[in-house]
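Good morning, and thank you for the opportunity to speak. Please look at the chain on the screen while I describe selected parts of its fold.

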Amino acid sequence: MGERQYVYIHFAVKIIKPMKNKILVIEDNEQNLYLVSFILQAHGHEVFEAQNGHTGIELADKLVPDLILLDIQLPVMDGYAVARNLRQNPKLTGVPIVAITSYAMVGDKEQTLAAGCTGYIEKPINPDTFMTEIESFL
Ligand code: MN
């Protein structure tokens with residue numbers, strides 16, 4: 001295959017590839033949940049919301065989303081426990097889990113990765129950079 005033909009196919013695939021992804025947001029804070037859902041939906045993604053870990057785990061198993069956004073500070077079952085649980089589900093092996101946390105402590109990132117998260121986004125959410133960060137995981 002010639003280089004020009006290859007480049008053409010590459011671009012065609014990029015254009016045809018649907019941008020819409022199923023994204024599960026597990027977040028107990030209603031304002032954060034609203035903001036994150038709003039930004040994701042504005043970029044054409046389909047958003048599913050869970051306000052606690054148990055609901056999040058159930059929904060993740062049912063939907064097998066393209067991405068899971070996981071707040072770390074959750075009541076009852078914290079985000080680390082949720083991430084460890086999600087990683088035990090073989091259906092979700094390929095699904096990126098991105099932790100969202102306002103903890104600014106050294107070692108937090110390592111803890112989220114150790115719990116099975118793929119990456120890490122810091123709160124407060126910056127609407128200008130949020131989608132670029134999210135898209136790097138899709
Ligand atoms: Mn929270």
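**Loops, helices and a cis bond**

I begin with Val76, which is exposed, as 9 other C-beta atoms lie within 10 Å of its own. The model we are looking at is a predicted one. Val76 sits in the loop that runs between β3 and α4. Its phi is near 65°, a positive value in a residue other than glycine.

The same loop, between β3 and α4, also holds Pro75. Is Pro75 buried or exposed? Pro75 is exposed, with 9 other C-beta atoms within 10 Å. Leaving aside neighbours within four places in sequence, Pro75 is in contact with Asp28 and Asn52. Please find Asn52 in the sequence: Pro75 and Asn52 are 23 residues apart there, while their C-alpha atoms are 7.0 Å apart in space.

Let me now step back to the whole chain. How many helices and strands does the protein chain have? There are 6 helices and 5 strands. Read from the N terminus, the order of the elements is α-β-α-β-α-β-α-β-α-β-α. The protein chain has 138 residues, and buried residues make up 26% of them. Consider next the contacts with a separation of 6 or more: residues 24 or more positions apart account for 61% of these.

I turn now to helix α3, which covers residues 53–63. Which residues of α3 are buried? They are Gly53, Gly56, Ile57 and Ala60. These four are on the same side of α3, because they cover an arc of only 100° around the axis. On the face turned away from that buried side, α3 carries the exposed residues Glu58 and Lys62. As for what the buried residues of α3 pack against, the partners are the strands β1 (22–26), β2 (46–50) and β3 (67–71), together with helix α4 (79–86).

One residue of α3 deserves a separate word, namely Gly56. Why is Gly56 classed as buried? The cut-off for a buried residue is 20 or more other C-beta atoms within 10 Å, and Gly56 is buried because it has 28. Not counting residues up to four places away in sequence, Gly56 touches Leu24, Ile26, Ala50 and Val82. You may also locate Leu70, which is 14 residues from Gly56 in sequence and 8.8 Å from it in space, C-alpha to C-alpha.

What comes after the end of α3? The helix is followed by Val64, whose phi is positive, near 45°. Val64 has this positive value although it is not a glycine. Val64 lies in the loop between α3 and β3. With 14 other C-beta atoms within 10 Å, Val64 is partly exposed.

Next comes the pairing of two helices. In general, two packed helices are described by the angle between their axes and the distance between the axes. For α3 and α4, the angle is about 20° and the axes are 10 Å apart. The two helices are therefore roughly parallel to each other, since angles under 35 degrees count as such. The crossing in which α3 passes α4 is right-handed. On the α3 side, the contact is made by Gly53, Gly56, Ile57 and Ala60; on the α4 side, by Ala81, Val82, Asn85 and Leu86. Sorted by character, the residues of this contact comprise 5 nonpolar, 3 polar and no charged.

Let us look at α4 in its own right. Its buried residues are Gly79, Tyr80, Val82, Ala83 and Leu86. Seen down the axis of α4, the buried residues fall within an arc of 160°, so they line one face of the helix. What covers the buried residues of α4? The covering elements include β1, α3, β3, β4 (97–101) and α5 (108–114).

My last point concerns a peptide bond. Lys123 and Pro124 are joined by a cis peptide bond, with omega at about 0°. Pro124 is placed in the loop between β5 (119–122) and α6 (130–135).

To close, I would ask you to keep two items in view. One is the contact of α3 with α4, where the helices are roughly parallel to each other. The other is the loop between β3 and α4, where Val76 has its place. Thank you for your attention.

Note on methods
Residues are numbered from 1 along each chain as its sequence is written. This is a predicted model: local features need pLDDT of at least 70, side-chain atom pairs count only at pLDDT 80 or more; totals for chains, interfaces and linings use all residues. A residue is buried if 20 or more other C-beta atoms lie within 10 Å of its own, exposed if 12 or fewer, and partly exposed in between; C-beta atoms are placed from the backbone. Two residues are in contact if their C-beta atoms, placed from the backbone, lie within 7 Å. The arc is that of the directions from the helix axis to the C-beta atoms. Axes are lines fitted to C-alpha atoms, for helices over the stretch in contact, and angles run from 0 to 180 degrees between N-to-C directions. Angles under 35 degrees count as roughly parallel, over 145 as roughly antiparallel, 65 to 115 as roughly perpendicular and the rest as oblique. A crossing is left-handed if the near helix is turned anticlockwise from the far one by less than a right angle, and right-handed if clockwise. Ala, Val, Leu, Ile, Met, Phe, Trp, Tyr, Cys and Pro count as nonpolar, Asp, Glu, Lys and Arg as charged, and the others, Gly among them, as polar.
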